[in-house]
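Reader: I would like a close look at one part of this model, namely how its strands are arranged into sheets and what sits against them. Please give the cut-offs behind each term as you go, since I want to know exactly what each word stands for.

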Amino acid sequence: MVKMMDIAEILTNDSPGDKFLLLGNEAIARGAIEAGLEFAATYPGTPSSEIGDSLYRVASKYKQLYFQYSTNEKVALEAAGAASIANTRAMAIMKHVGLNVASDAFMTLNYIGVRAGLVIVCADDPGCWSSQNEQDNRLYAMLGDTCMLEPADSQEAKDMTVAAFDLSEQLEQPVLVRVTTRVCHTRSEVELGSIRPQRAKPNFERNPFRFVTVPTVARLRHPILVEKFQRAKEISEKSKWNRIIGKGPVGVITSGVSYNYVIEALELLGQKATVLKLGMTNPLPKRKIQRFIASKEKVLVVEELKPYLELHVRAFAQEKGIKTTILGKSQKLFSEIGELNPRQIVEGIAKALKLKIPKGYAKIERQLSKVTTQAPPRPPILCAGCPHRATFYELAVATGRKGVYPIDIGCYTLAIQPPLDMADLLLCMGSSIGTACGLTAILDKPIVGTIGDSTFFHSGLSGLVNAVYNQHPVKIIVVDNMTTAMTGHQPHPGTGVTGMGKVNPPIKIEEVALGIGVPYVKVIDPLQVKESIRTIRDAVAFDGPAVIVSRSICALLELAQKRRAGEEIIPYKVDPEICRGCQVCTGKLGCAAAIWKGEHAAIDPVLCTGCGVCAQICPYKAIQREE
Amino acid sequence: MKTSNIIMVGVGGTGVLTAARILATAAILERHNVRMGEIHGMAQRGGAVVCTVRIGEKVRGPIIATGTADLLLSIEPVEALRHVDRISPQGTIVVGMYHIIPTAVLLGRAQYPSDEEILKNLRKFGKVVTVDVADIAEKAGNILTMNTALIGAATGLGRIPIPQDSIISALREVLPSRYHEVNIKAFELGMKAVTGT
C-alpha cells in the first residue's frame, strides 16, 4: 500500500514493505537509516542537499543518530571517518566538487581503512545544473582504490546505500555511493526494508601503526589497500548489482541513470539486446565483463561524462584477445559533455546498429530553432527583494565599476547577470578571497571580493588569514543573508543552529575578521542604500585589508517567516504620475518585481517583498509603499 | 496503461514544482508507476524551470525526450514556447496567458513576442488550449494558485489520466492545510473554464 507521510516519519518508519514516493536523495537517507546509521555529516551542495536535510529532519527525534552540518566537506569526511574508526556507522555526504575539498582526507582514509561502515555519498552534476563544473567523480574511486556503487533510481539508491554499509564493514574500507542529479532529483516509488539494530558501543581502539599515517605506516598500508581491493574484485564478480537483463546478440553495458534511458531507447527502437547493468562500478567485474563481451557480436557502452566504463571494457577485451566490436564514445556515438538524455541514446544506438530513428527529432528540432529565437532568454536571477541585489548595486555605485570583482559560490553568483553584471572571477568555494589576494599583489585598482556567509565559513577563512598575513589590500564583502540559501536554507556557524536542532552561540563574521587581525571591519544593512554606499567607498579607500559584513536576511526566508506568522506583506507601487521612465529601478537595480508598463515602471505586487530598495534609489521619489 | 508524459514548465518561484508534485502524488494514489523529475538549486531561482511527470508501467527515467510529451502545461506563454519541442504532434499544450517579463526584455536586450505570434508558433507543434489562469486564480482568492488552475483545466480537457478525486486528494497531501480550500477552488474553476459547466 502506498502511503503519504512526512519525510521525517518515512525515514524512521519501521513497517518494511510500505511504499513511498521518494526523491533519490530521500531514499539514500532512508537506506542509511535502515543500515543502522549512527553518525552523518555533510556540507550542503546541489544535487546532494536533500540527503542531509532529510536526516536533519529526524536527527533531533531519532536517538540513534547524530547529524551535523559541517563547515565543509573535508571536515565532514574527517568527522565521519573518525566516527567509523571509533566503531560507529557513519556517512559523509557531499556534491561532486565537495569531494575535491575532502579529497585529502579521502585518499588517506582508503589507506587506513575503517571499522564500522563508512559510506561517502557523492552527487555528480552532469550538465552543470547547479555547479561550476561537471567532473566525473567515478575517477576518484579509481584514484583511491575505493569501492563504488552507482544506483539508477530511488529504490536502488536506498538498497545500494544499505549494501554500501555492508560492503564497507566486510572490507573495513570506505565505500563511495556515486549518484547524479537525475537520480538525486527524481521521485519514484520506494519499498522500505527493515531498520537494523545499532552496532556495538562506540570505542576507539588505539592502533597508531594503522591509524597514524607517518610514511612508515603509509608504506605498510598501501599493500593492504591493494590486497583489499583485490578481494573487492571478487565481490564485484558475484555482486547482484552487476546483472544481465534481456536477450539478444547485441550487448549494451551501462550504469546509473543511463540504464533507464537504455531500456526506454531499446523499447522505442524495438531492438532486442542484452544489457549488462553495472551497479558496482569500482572495482568492475572483469571476468563477467569479458564473458559478456565475448558472447556478443557487438557491444555498446553507454555512460554519462567520461568514458570510464568504456576504457575498462576495452582494456578487459584486449587482455583476453576478444575481437568483439566495442562501440561508445570513441566512435562519438555519445557525448562526453553534459548529461545524456533518452533521445541521444536512441540516436546513438540507432547509428551503431544502423536502425531507423522512429521519432522525427531532427524535424522537430529544426522547427524549434525557428520559434525559440522568439523566446527571450530567462536565466536564473536573484529573487525579488534579495538583499544581495542591493549590495551589488551599492558596490557598483560606490566603486563606479572601476574595480575587479572576484566572486564566490552561492545565490550571489547570479550577480553575473545584467543589469548588475558584477562578477569577474570564480573558481570554487572560497576563491573570491584567494584570487583577490593574487590580484591586489599585481594590480593597482580596487579589488573587491564578495563571498556568502556559509561560504566564508566553508573556505574563506584561510584566504582571509593570507590577506592579513601578506597585507594584501583586499576588500571583502561578506554578503550575509543568515542562511545557506542556494541549497535550501541550511543553518551554518553564523546562525548557531546545529544539525541536531540545538542553538549554540552564533559565530559572528565581523568578530572572526577582527580576531584574524583585519584592520578595517564594518557591518552594513544593504537595505539602507545611502549608508551602505558610503561605507563601501570608505572601505575601498582604506589602505589595507578590509571586511564589510553586509547583513540582511534572505528574502525567501523572511517571506516564509512572515507568511507563517500571518503577517501581511505590503508591496511598493509606482505612482505613474511621478515616474519619468528613467529606468533606474528596472535597468540599474533590476529587481525581479520592477516591471515596465507602457511608458513607466510598475511593481509586480505578487513578487514584491516590500524591501524598499527601489524606493530609495528612485531619483523622482515615484515609488511608495502601498497604503 | 499507455505511458503518459506530462511536462510542466514555467518560472522558478511560481509553484511549478509543487504543481508537478501534486500530479505525481495523484498518480501514486492511483497505484501507477511514476517518475517525477525536479529542478533544484541554482536553476530554480527565477529562471526557466522544467518538471516532468511520467506515468505508466514502462517508465524508467525522468526525462521526456523531444516530441514525446502528451501534455505541456505552462502558466507563462514564452516558457511554453521555449520547451515546445517536447510535445508530441498528437499532444496538447495548455497555456495560461500570464506573462512574466524576463529581465533581458526590461533592459531592452530582447523582445517579448505578441500572444498571437506565440500561439501561432505553439500550434505548429500540437493542439493549443489557452486558459486565463490569472483571472481564475484571483477569483479563487490567491494568485499563486495559477498552476493549480492549469491542472484543473488539463483535467477538464481529459488530458490527465487520473480521476479528479485523486488529484484533489493529492493536493491535500502536498499542500499545507491553509492552502487547501483556495487551491481546490482554483482547480475547479480551471476545470470549468474549459468544460463550460
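Author: Two strands are said to pair if DSSP finds at least two bridges between them, and the helices (H or I, at least four residues) and strands (E, at least two) are themselves DSSP runs, numbered from the N terminus. The model is predicted, so local features need pLDDT of at least 70 and side-chain atom pairs count only at pLDDT 80 or more, while totals for chains, interfaces and linings use all residues. Residues are numbered from 1 along each chain as its sequence is written, and chains are lettered from A and ligands numbered from 1 in the order in which they are written.

I begin with the sheet that draws on both chains. It is an open sheet of 8 strands with mixed pairing, in the order β1(A)-β8(A)-β2(B)-β3(B)-β1(B)-β4(B)-β5(B)-β6(B). β1 of chain A and β6 (127-131) of chain B stand at its edges with a single partner strand each, so one side of each is left without a neighbour in the sheet. Ignoring direction, neighbouring strands are turned by 20 degrees against each other on average; for such values, axes are lines fitted to C-alpha atoms (for helices over the stretch in contact), and angles run from 0 to 180 degrees between N-to-C directions. Helix α8 (residues 154-171) of chain A packs on this sheet, where it touches β1 and β8 of chain A, and its direction makes about 60 degrees with that of β8(A).

The place where the chains join within this sheet can be followed residue by residue. Strand β1 (residues 19-23) of chain A and β8(A) run antiparallel and are joined by 5 bridges, with Arg187(A) in β8(A) as the bridge partner of Leu23(A). Arg187(A) also stands opposite Met36(B) in β2(B), and Thr186(A) has Gly37(B) of β2(B) as its bridge partner. Overall, β8(A) and strand β2 (residues 34-37) of chain B pair in the antiparallel sense over 2 bridges. Further along, strand β4 (residues 69-74) of chain B and strand β5 (residues 87-96) of chain B run parallel and are joined by 5 bridges, and the partner of Leu73(B) in β5(B) is Val94(B).

This pairing belongs to a wider contact between the chains, which takes 55 residues from chain A and 51 residues from chain B, two residues being in contact if their C-beta atoms, placed from the backbone, lie within 7 Å. On the side of chain A that touches chain B, the elements giving two or more residues are β8 (186-191), α12 (257-269), α15 (342-353), α16 (361-372), α23 (584-589) and β20 (594-597) of chain A. Among these, α16(A) gives the most, with 7 residues. The residues of that side divide into 30 nonpolar, 16 polar and 9 charged, where Ala, Val, Leu, Ile, Met, Phe, Trp, Tyr, Cys and Pro count as nonpolar, Asp, Glu, Lys and Arg as charged, and the others, Gly among them, as polar.

Chain A also holds an open sheet of 4 strands, in the order β15-β16-β18-β17, and here the pairing is parallel. Its edge strands are β15 (448-452) and β17 (520-524) of chain A, each of which pairs on one side only, and the twist averages 20 degrees from one strand to the next. β17(A) pairs with strand β18 (residues 546-551) of chain A in the parallel sense over 5 bridges, and Ser550(A) in β18(A) is the bridge partner of Ile524(A). Helix α19 (residues 453-469) of chain A packs on the sheet, touching β15 and β16 of chain A, with a direction that makes about 135 degrees with that of β15(A). Helix α21 (residues 529-541) of chain A packs on the sheet as well, touching β15, β16, β17 and β18 of chain A, and its direction makes about 170 degrees with that of β17(A).

One residue after β16(A) deserves a word. His492(A) lies in the loop between β16 (475-480) and α20 (509-516) of chain A. With 25 other C-beta atoms within 10 Å, His492(A) is buried, a term that requires 20 or more such atoms, whereas 12 or fewer would make a residue exposed and a count in between partly exposed, with C-beta atoms placed from the backbone. Leaving aside its neighbours within four places in sequence, His492(A) is in contact with Tyr69(A), Asp453(A), Ser454(A), Phe457(A) and Thr484(A).
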